[in-house]
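Work through the exercises below with the structure open beside you. Try each task before you read its solution.

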Amino acid sequence: MDRVISTLIGVIAAVVGSGIIFIGANKLFDVAPRRWSWFTSLLGGLTGLFVFAILWANRVIASPVIWTLVATIIGTGVGYLLGSLTDTRARLVVGAAGGAVLGLIVGLNMRDVILVFGEGNNQFQVGTPIPNINYGELALWTAIGLAVGAAIWAVRGRSKPIARSLALWGTIGWAIGAFGMPDLNTASRENAILGATVLGLGLGAAAGLGTVPDAIRLRRIETGSRKYIFLTPALFFIAASLVVPTIRTFWLSFLDGRGEEAVGFANYSSVFTDANIIDVSNWTGIFGSRMFIGGLIVIALGVILAKLAGTRRGDAFEFGPGTMTPVVLGVFLVSFAVFATLRGTIINNLWWVFTVTSVATALGLAVAVLADRSKRENLAKSIIFMPMAISFVGAGIIWRFMYIARPPQREQTGVLNSLWVWLGQVSNSGTGKTVAAAVLLLLILGLAYFGFAGYRDGNRGMAIGSAVTALPLAWLIYKFLGPGLGGFAVVEATGNIQSQPIQFTSERPFNNIWLMVVLIWIQTGFTMVIFSAAIKAVPGELIEAAHVDGATESQTFWRVTIPQIAPTIGVVVTTLVVTVMKVFDIVRVMTAGNFDTNVIANEMYDKAFTEFNFGVGSALAMILFLAILPIMYYNIRRMQKAAV
Amino acid sequence: MLMRRKVFSYGAFLLAFAMIAAACGDSEPAAPPETVVVTETSIVTETSVVTSIVTETVVAENPLAGTTVTVFGPESSDTEAGAFQAALDLFAAANDMTISYTGARDFSDQINVQVAGGNPPDIGILPQPGKLADFARSGDLVALPDAVTDLVQSTTPEGLWSLGNVDGVQYGIPTKADLKSLVWYRPALFTEKGYAVPTSWDELNTLTDTMIANGDTPWCVGIDSGGGATGWPFTDWTEDLMLRFHGGDVYDQWVMGPNNGGIGFADDRVVQVFDAIRNLWDKPSGTYAAGGTIATTLFGDNAPPLEDGTCLMHRQANFFASFFPAETVYGPEGVDVFYFPPVTADIQPVLGGGVFPVAFQDRPEVLAVMEYMATSDYANARQRLQKLANGGAADTVSGFLSPHLEADKSLWTPLEQSFLDILAKAELFRFDGSDNMPTPVNAEFWRSATAFVNGDIDAATATANIDANWP
């Protein structure tokens with residue numbers, strides 16, 4: 001309970017604090033154009049306050065409160081004067097004097113003792129910040145600073161007075177020469193005063209050499225400031241949570257396992273030579289696989305069909321459900337043959353990307369189209385969208401229960417296996433398989449009627465669709481009556497009938513597919529929602545015009561709707577590719593990467609944390625990052641174009 | 001109205017922003033996925049007995065009062081983790097401090113994550129001396145104070161404490177010893193069916209075949225550990241058989257690795273052991289795997305089928321007792337163990353394991369808890385509480401064995417005392433070899449063993465894969 005309350009108080013304090021800063025920053029720049037001197041005095045005061053607070057917090061100056069207060073007051077005064085005075089000489093005097101006084105205060109209060117923190121092994125020391133000035137170096141750096149200032153002035157077109165540029169850059173050079181170069185940790189008060197006072201004087205003079213802005217510049221300051229107010233927090237968080245870790249990972253990927261010695265590209269080469277990560281040695285096996293040959297035949301069939309149907313209509317090819325289905329099916333068969341023969345983490349990842357992206361996109365699109373304008377559209381879409389609310393880990397655990405296989409002598413508790421074994425029982429009992437075959441036969445007769453009706457009405461899509469759907473049913477009848485179907489078999493030795501569950505998660509290579517099903521189940525809801533919105537945004541006039549021209553529903557869909565939502569398809573596909581590429585949780589929960597189901601993200605985790613090899617782990621992370629980068633870039637460019 | 005909505009969305013943005021900031025700033029240690037609930041009853045009934053022992057050592061002005069110590073370890077079953085937490089709570093209650101134990105099945109990964117992230121627990125319970133040495137050499141561990149080192153070295157067998165000693169400095173305390181060369185079975189069932197306890201490897205194989213011929217299922221096997229450590233039961237089998245087939249010297253060479261003058265996994269003798277295990281497990285109708293296949297069966301899931309007679313034997317360490325239901329009867333009438341038989345009767349090798357608490361933080365309260373774990377008070381308290389959690393009957397096997405030489409032996413059943421005797425007197429005792437190998441080798445051993453057991457690769461491929469990871 002204490003923790004809850006303290007967290008709550010922390011949250012409220014943070015909200016109020018960030019609110020004040022955020023609103024305050026906006027208000028500050030609201031004031032700027034109207035009352036410039038108020039703005040500058042506030043700016044001066046805040047500069048004094050923050051500079052001194054930061055110096056104190058970093059243990060540079062000793063006594064905090066009183067001098068911070070004094071600095072705030074002096075800063076406010078100098079700011080006010082610089083905001084209202086227009087006489088150049090007076091401004092210079094005020095700025096230089098104010099800066100020098102602040103610098104002097106810092107110099108006088110610079111800590112001159114060495115602080116010790118902690119005890120025992122955890123002890124550490126903080127030296128004093130007072131420099132050990134080397135006058136030669138100081139002069140050199142100041143000269144470099146002045147030279148840079150002159151150069152910048154020249155490059156900027158010499159429009160502003162050279163003195164300001166010289167003062168600013170000369171002082172920066174002085175600061176480097178005084179505090180940046182020599183070793184600190186002396187206790188020479190003179191050095192402290194000299195270094196800090198000249199620093200303050202220089203910066204003050206630079207400020208004094210500026211001018212009070214005219215109305216146009218005031219307006220520009222007001223509008224230009226907003227983007228920084230809004231961007232700074234976001235940029236800060238992105239830098240802390242994304243940019244810095246990325247750079248560090250990149251760096252680690254060139255070091256050894258414990259991040260100590262540089263090893264060059266050894267981590268990367270070890271990734272690409274590891275047979276567990278990529279192994280294409282038996283690529284010749286692809287051409288021998290039945291799936292590959294079958295896939296090629298189906299593709300050829302589809303292409304011939306499309307060609308025939310197209311010539312009849314005067315097009316090169318016809319794109320429709322009847323002709324696209326075999327092509328898509330064939331491509332899937334061929335790709336599965338390829339991915340199942342080659343092995344390794346990277347191959348698995350590519351398999352995931354191909355299958356999940358295409359299936360989730362296709363299913364989402366199909367549901368969006370079919371549900372569109374139907375009676376219970378919202379209910380259907382809600383149900384399909386629901387898995388989106390389940391985390392990947394949760395989904396992995398749920399599906400592990402769906403897939404669980406129990407020993408043959410026990411009842412199957414996994415949904416899929418109990419169905420499978422039940423099918424086996426049906427196909428092994430005389431009456432059971434007769435009934436099943438009869439039911440299937442009725443279904444085929446129904447489909448045959450639809451096919452005939454479609455042929456009669458000239459609706460080729462319906463005819464071909466029915467025929468295609470009937471084929472697997474016929475195959476089922478064959479399986480039921482012939483060799484038997486489902487997880488039930490006669491053990492030859494004993495003659496007993498025993499159930500034969502499927503080892504969904506451990507039977508290679510298609511256990512990968514069963515894992516992908518989980519992600520497809522989750523992502524279909526996402527794609528469906530996006531496509532549904534896109535389809536509803538297709539102008540009704542276009543659809544109507546197509547209908548008036550005599551297009552069928554199917555033609556309207558393929559030739560009007562699809563081109564209209566093409567940009568959305570692009571966005572969905574790229575988003576999915578990125579999500580799938582970094583899939584981790586599902587694999588981790590369901591197989592932990594065993595049984596040839598490893599993916600890059602899980603391999604990265606294994607290498608970095610199970611084997612404690614940060615070099616290879618980081619190299620894998622970088623490979624994943626580099627693979628995703630172009631897709632992200634493409635996606636962002638696309639969105640930018642869409643916005644224009 | 002528009003204005004109001006704008007203000008509201010500003011507010012929502014700021015709230016989310018602040019939540020993130022607060023979440024980042026909160027120094028609460030990240031809780032590992034599986035937390036463990038302490039069995040309250042066990043503390044209540046036992047506190048009075050044991051606090052009296054502990055409180056004697058407590059001085060009036062207690063410097064530990066109000067402090068908190070976090071402990072993270074691999075023991076995550078209700079029985080083991082509950083008893084461990086309860087034993088720690090006794091010390092915590094006596095000193096007005098808080099000790100919280102968290103157990104995770106994937107401890108071996110999680111501890112690496114936490115150490116790498118600069119956020120280790122105060123005390124880690126390491127089951128792998130190899131990892132202990134890695135951590136010690138990279139400066140992550142705090143050496144035990146001299147007094148505790150003396151205590152540990154004088155009250156535990158040298159064979160065990162030396163595993164927590166790296167380059168002459170004592171880091172770990174052997175608080176728990178496991179006797180791994182055991183086969184769990186039900187004597188009554190054996191008698192009923194006319195089987196005799198085998199006394200040699202050949203007899204074990206013959207018995208297996210006889211059982212299959214009679215229609216019984218001889219073995220229960222499962223090697224899933226729910227995460228990165230899946231496969232470790234196979235490594236235990238390998239070690240037990242390496243000791244039995246080839247003796248202690250070859251075993252030591254094997255643990256040493258090919259690059260340090262030892263032998264690799266690809267050595268014929270190791271491959272032979274791999275194949276011997278598969279031959280035993282893969283006999284048709286010879287193995288019951290509750291999860292469908294051996295590789296997908298959680299090792300703890302072997303307890304119910306053994307108890308209900310679905311299978312007749314299960315080789316697992318003594319800690320397996322904590323996986324049986326609380327009402328389980330131990331001994332001749334219930335579940336019992338026999339010694340995993342040797343090849344010949346003249347060498348009786350013993351494979352052991354154990355855990356080693358190590359300190360990651362140099363704070364007085366952390367070292368005080370470490371010292372407590374080195375005492376016999378801790379050993380006795382843990383045994384009382386774990387026995388209670390596992391049933392509490394006089395003959396209950398708790399699953400906990402203490403290597404502490406001054407522990408109160410009467411707290412353990414005669415069966416468990418015989419385990420302790422075996423551990424103390426074994427002529428050929430070896431610690432879990434894979435846990436002594438370098439972390440990458442151990443990890444690949446688990447991974448390749450899983451693939452090998454699943455039939456995905458053959459022994460030659462598996463052993464070659466493992467050998468590729470020797471440093």
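**Exercise 1. Is B:Ser285 buried, exposed or partly exposed?**

Step 1. Learn the cut-offs: a residue is buried if 20 or more other C-beta atoms lie within 10 Å of its own, exposed if 12 or fewer, and partly exposed in between, with C-beta atoms placed from the backbone.
Step 2. Apply them: B:Ser285 has 18 C-beta neighbours inside 10 Å, so it counts as partly exposed.
Step 3. Locate it: B:Ser285 sits in the loop between helix H11 (268-281) and S9 of chain B. Helices (H or I, at least four residues) and strands (E, at least two) are DSSP runs, numbered from the N terminus.
Step 4. Check the backbone: B:Ser285 is not a glycine, yet its phi is positive, about 60 degrees. Most residues other than glycine have a negative phi, and most peptide bonds are trans.

A note on the model: it is predicted, local features need pLDDT of at least 70, side-chain atom pairs count only at pLDDT 80 or more, and totals for chains, interfaces and linings use all residues. Residues are numbered from 1 along each chain as its sequence is written, while chains are lettered from A and ligands numbered from 1 in the order in which they are written.

**Exercise 2. Where is A:Phe595 found, and which residues does the cis peptide bond join?**

Step 1. Find A:Phe595 in the loop between helix H23 (585-590) and helix H24 (600-610) of chain A.
Step 2. Read its phi: about 60 degrees, positive, although A:Phe595 is not a glycine.
Step 3. Count neighbours: A:Phe595 has 24 other C-beta atoms within 10 Å, so it is buried.
Step 4. Turn to the cis bond: it joins A:Arg508 and A:Pro509, with omega about -10 degrees. A:Pro509 lies in the loop between strand S4 (497-499) and helix H19 (511-536) of chain A.

**Exercise 3. What is the strand order of the open five-stranded sheet in chain B?**

Step 1. Two strands pair if DSSP finds at least two bridges between them.
Step 2. Write the order: S9-S8-S10-S7-S11, with mixed pairing.
Step 3. Mark the edges: strand S9 (287-288) and strand S11 (336-339) of chain B each pair on one side only.
Step 4. Take one pair: strand S7 (residues 182-185) and strand S10 (residues 311-315) of chain B are antiparallel over three bridges. Within S10(B), B:Arg315 is the bridge partner of B:Val183.

**Exercise 4. In which sense do S1(B) and S2(B) pair, parallel or antiparallel?**

Step 1. Strand S1 (residues 68-73) of chain B pairs with S2(B) in the parallel sense, over six bridges.
Step 2. Look across: B:Gly73 stands opposite B:Gly103 in S2(B).
Step 3. Add the helix: S1(B), helix H3 (residues 78-94) of chain B and S2(B) form a right-handed β-α-β unit. Right-handed means that, with the strands pointing away from the viewer, the path from the first strand over the helix to the second runs clockwise.
Step 4. Test burial: five of the six residues of strand S2 (residues 98-103) of chain B are buried, so S2(B) is largely enclosed by the rest of the structure.

**Exercise 5. How many residues of H14(B) are buried?**

Step 1. The count is 13 of its 14 residues, so H14(B) is mostly covered.
Step 2. Take one residue: B:Leu388 is found in helix H14 (residues 376-389) of chain B. It is buried, with 23 other C-beta atoms within 10 Å.
Step 3. Compare lengths: H14(B) reaches 20 Å from its first C-alpha to its last, close to the 20 Å expected at 1.5 Å a residue. The expected span is 1.5 Å times one less than the number of residues.
Step 4. Step past the end: just after H14(B), B:Gly391 takes a positive phi of about 140 degrees.

**Exercise 6. How many residues of chain B are in contact with chain A?**

Step 1. Two residues are in contact if their C-beta atoms, placed from the backbone, lie within 7 Å.
Step 2. By that rule, 32 residues of chain B touch 30 residues of chain A.
Step 3. Name the top contributor: H1(B) gives the most to chain B's side, with seven residues.
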